[in-house]
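This report looks at how two chains meet and at a few unusual backbone features. The sequence and the structure come next.

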Amino acid sequence: MSDFVMEAKNVFKSYMIKGEKKEGTKVVEAVKDVSLQIRKGDIKLIFGPSGSGKSTFLRCMDMLDIPDKGEIWLGDQCLTKPGVNLNKARARIGFVFQHIYLFRHLSVLGNVELALRQVLKLPKEEARKHAMAALEEVKVTDCVNKYPAQLSGGQAQRVGIARAIARQPDIILLDEPTSALDPELTGEVIDTLRDLAHEGTTMLIISHEMPFAQEVAEEMIFYDEGRIIETGPPSLFFNAPNTDRAKQFMTRIINRTTR
Amino acid sequence: MVFDWQQVIFLLEGVPLTLSISIISFLIGIAIGIPLAFTRVYESEISFAVDAYEKVFRGFPEIVLMLLLYFGLGPFFPIPFNNPFFVACFVLGLRSGANQSQIFRGAIRGVGDEQMIAGISVGFSKWRAIWHIMIPQVFTFSTPGLGSEYALLVKDSAYVFILALLDVTRRADQIRIHTNDFVTWYILAAIIYIALTFPIAFYLDKWGNKRKKKIGL
């Protein structure tokens, strides 16, 4: 058995941004030689400037973007090897999107149930039971028959989290789960994540919610220009980061949150 | 002029044929259009074949193909091409498939790639995500286009006139021969066609709008 729930080994990923003219086409190296290990129960938090490639890296972890080079491991399985059943692997990984992406044509319950019924092939009652448990966990049991369009942003994102946790994945990857929400609604999503953290859920989160990070993260990862610049416990970053770049960034972020 | 109700009934008896040709070719069109549209969007290696199909079937009058299949191939392959009803549905269905492929392609872009990515992230394969997540939304998105495509088929079903099928148009023409009335029966036929196209197109549009509101599009 592998020690790690998930592991990234020397992952590279670049993509093209097409300009209007041929000369305008740019190659963005979003992930450059990134390695990361996550043990069961770990909560790791990635932060860094926007456009630095954090999201691309997280999508690589779920193989939503296929890395150009390097390996992604889920337990004992190497996902970057050709011929691996990625759909089965993704069923074991929960993914929460910044812009939520609930299935618009399905009710809240339908959103959470769909993968349980159609991917895990659970019988109807059992799927319902797991879905309701997940919705209870995120505290949206009062609107299970509503459609995504009728939810507040905070409710919607909590349903997004329920959709990710309902199939009891090995790990949940969260891509800035609160940054598309009003500050007022951020709190309820953070509360949900805090509950999950206290239950020992394994999570890799991209977030800039610093108080939350300080409270739950075992390790913070400062990511910039496609690379991991510095890693360490929250105390390191909040007191004295080693690199100038991290120092600079932390100063800016802390000033913003306390202003 | 003496208004002969028996003639009216004779004319109306063409409605089931006209309707069944339009509905069957509409369904054939969906069965062709949906896979073509998704192939075009998600399988870039063979999307040129979809393009070619669309260009060919939108590029010539379907009556030419009807004549070719019925008179050209019919004698050699009596099953199925000696059957004018089959030939009509088949040809209109092929043409409609090309149109519907374009309608659905627009709808797929409207639904957005994010829905697809979310589907894949919960463990669906590409084609199963298309089935469970994209297709239900694509239909909602394409109701206006589908409504006018259906209306087009009802009207184009009149081409079967040339294959000697007794649809509304051919019946109107036969009554004209008997009664020597060159106006009334054609006008009546036109009214029947409007009655066949309008309600369904209207209902589809209404249903689509209601559904769009519900899912917030």
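The contact between the two chains draws 20 residues from chain A and 18 residues from chain B. On the side of chain A that touches chain B, the elements giving two or more residues are α2 (86-91) and α3 (108-118) of chain A. By residue type, this side of chain A consists of 12 nonpolar, four polar and four charged residues. The model is a predicted one.

Chain B has a cis peptide bond, which links I79(B) to P80(B) with an omega of about 5°. P80(B) belongs to helix α5 of chain B, which covers residues 78-81.

In chain A, two residues that are not glycine have a positive phi. The table lists them with their loops.

| Residue | Phi | Loop in chain A |
|---|---|---|
| Y101(A) | about 55° | between β6 (93-96) and α3 |
| E176(A) | near 40° | between β7 (171-175) and α6 (183-198) |

Are these loop residues buried or exposed? A residue is counted as buried if 20 or more other C-beta atoms lie within 10 Å of its own. Y101(A) has 22 other C-beta atoms within 10 Å, so Y101(A) is buried. E176(A) also counts as buried, because 22 C-beta neighbours lie inside 10 Å.

Helix α3 of chain A thus appears in two places: α3 gives residues to the side that touches chain B, and the loop that holds Y101(A) lies between β6 and α3.

Terms used: Residues are numbered from 1 along each chain as its sequence is written. Chains are lettered from A and ligands numbered from 1 in the order in which they are written. This is a predicted model: local features need pLDDT of at least 70, side-chain atom pairs count only at pLDDT 80 or more; totals for chains, interfaces and linings use all residues. Two residues are in contact if their C-beta atoms, placed from the backbone, lie within 7 Å. Helices (H or I, at least four residues) and strands (E, at least two) are DSSP runs, numbered from the N terminus. Ala, Val, Leu, Ile, Met, Phe, Trp, Tyr, Cys and Pro count as nonpolar, Asp, Glu, Lys and Arg as charged, and the others, Gly among them, as polar. A residue is buried if 20 or more other C-beta atoms lie within 10 Å of its own, exposed if 12 or fewer, and partly exposed in between; C-beta atoms are placed from the backbone.
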